[in-house]
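Work through the following exercises with the sequence and the model side by side. Each task is followed by a solution that proceeds step by step.

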Amino acid sequence: VHGGDSRMWRKLLLVVAGVVGIVLFSTFDVSTKISDVTHYIEHELSPVMGGFVMSCLVAFATATFLTTTPMNLSCGAVWGVVWGSVVMMIGCIVGAVINFLLARFFLRDWCSRTIQSKPSMVAIDKAMKQPDQSFQIVILSRLAPVFPFALLSYVFGATSVGIVQYTIGTALGLFPGVVLYSFLGQTLRAAMATSGDDESNAILWFTGIASITAIVLISRKAQRVLEEATAAKS
C-alpha cells in the first residue's frame with residue numbers, strides 16, 4: 001500500500017480505534033464488565049471455550065490500548081496459575097502480533113513519526129538496528145513497561161526486527177509478569193474463599209504482596225538494563 005491509499009488506511013484505522021476506545025470508556029464501567037464477563041465465562045462456558053473467549057478478549061484489549069491487568073488477575077482466579085497464564089499469554093501475543101502487522105503494512109509512517117517525537121524511542125530505534133541487540137531490546141521492553149504495551153508493539157512494527165524475533169521476544173518478556181499476576185489472581189481468590197481463617201489470610205496476603213514486589217523489582221531491573229543498552233547505541 002503506497003501514497004494516498006496508505007494515508008487513507010492509516011486515518012481510517014486510527015479513527016476506528018479512537019471510536020472503539022471512546023465508546024468503551026464512555027459507555028461502560030470497564031472493571032465491572034470484566035468481572036461480569038469473567039463470571040459468565042466461568043459458570044456458563046466449558047473450560048476450553050471459556051479460555052478461547054478470554055484469549056480473544058485479551059487480544060482485543062491488547063490491540064486497542066485497553067488495560068489487561070484485570071483480565072490477567074481474572075485468568076489466575078478462574079484457571080489457576082498454569083492455565084491462566086497460558087490463556088493470558090495467547091491473547092497478549094495475538095494482540096501484539098496484530099499491532100505489529102498493522103504498523104508494518106499500514107501505519108509505518110505514523111509510527112516512524114511517533115518514534116522521532118520521543119528521545120527514548122529514538123534510542124530504542126537505534127539499538128534495534130543492531131542485529132545482536134534487537135532481540136534483547138524486545139524482551140527488556142516487555143519486562144519494563146516504560147511505554148504502553150500497544151504503542152510499543154506499533155513502534156516495533158516500524159523497525160527492522162523480524163516478526164519471529166519480535167514474537168518470541170514478546171513472549172519471553174511477558175512471561176514473568178503474566179505468571180506473577182495469574183498467581184496473584186489465584187491468591188486473591190483463595191483469600192476471599194477463606195475470609196474467616198486469619199492464619200490462611202495472613203499467608204495468602206503475604207504471598208500476594210511478595211508477587212507485587214517481584215513484579216516491581218523485575219520491571220525496575222529490566223528498565224535499568226534497557227536504558228544501558230539503548231544509551232550505548234545513542
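Helices (H or I, at least four residues) and strands (E, at least two) are DSSP runs, numbered from the N terminus. This is a predicted model, in which local features need pLDDT of at least 70 and side-chain atom pairs count only at pLDDT 80 or more, while totals for chains, interfaces and linings use all residues. Residues are numbered from 1 along each chain as its sequence is written, and side-chain values use heavy atoms, with hydrogens and water left out.

**Exercise 1. Describe the overall make-up of the protein chain.**

Step one is to list the elements: from the N terminus on, they run α-α-α-α-α-α-α-α-α-α, which comes to 10 helices and 0 strands. Step two is burial, where buried means under 20% relative accessible area, exposed over 50%, and partly exposed in between (1.4 Å probe, protein chains only); of the 234 residues of the protein chain, 41% count as buried. Step three concerns contacts, meaning heavy atoms within 4.5 Å: among those with a separation of 6 or more, 75% join residues 24 or more positions apart.

**Exercise 2. Which residues of the largest nonpolar core touch the most other members?**

Begin with the term: a nonpolar core is a set of buried Ala, Val, Leu, Ile, Met, Phe, Trp, Tyr and Cys residues joined through side-chain atoms within 4.5 Å. The largest such core has 16 residues, and M54, V58, M71, C75, W79 and M88 are those that touch the most other members. Next, assign the core to elements: α3 (47-63), α4 (69-105) and α9 (163-193) each supply at least two of its residues, and the largest share, 8 residues, comes from α4. Then take one member, M54, which touches T38, I41, M71, S74, C75, W79 and V87 when residues up to four places away in sequence are not counted. Finally, note a second, separate core of 12 residues, which includes I124, A127, F147 and V161.

**Exercise 3. Determine how α4 packs against α9 and α8.**

Axes are lines fitted to C-alpha atoms, for helices over the stretch in contact, and angles run from 0 to 180 degrees between N-to-C directions. Angles under 35 degrees count as roughly parallel, over 145 as roughly antiparallel, 65 to 115 as roughly perpendicular and the rest as oblique.

First, the axes of α4 and α9 come within 8 Å and cross at roughly 155 degrees, so these two helices are roughly antiparallel to each other. The residues of their contact divide into 22 nonpolar, 12 polar and 1 charged (Ala, Val, Leu, Ile, Met, Phe, Trp, Tyr, Cys and Pro count as nonpolar, Asp, Glu, Lys and Arg as charged, and the others, Gly among them, as polar).

Second, α4 and helix α8 (residues 149-157) pack at an angle of about 45 degrees, with their axes 7 Å apart, which makes α4 oblique to α8. The residues in this contact include C92, A96 and F100 of α4 and F149, Y154 and F156 of α8, and by class the contact has 9 nonpolar, 3 polar and 1 charged residues.

**Exercise 4. Are S55 and Q116 buried or exposed?**

Take S55 of helix α3 to begin with: its relative accessible area is 9%, so S55 is buried. Leaving aside neighbours within four places in sequence, S55 is in contact with V87, I90 and G91. Turn then to Q116, found in helix α5 (residues 108-116): at 55% relative accessibility, Q116 counts as exposed. With neighbours within four places in sequence again left aside, Q116 is in contact with V122 and D125.
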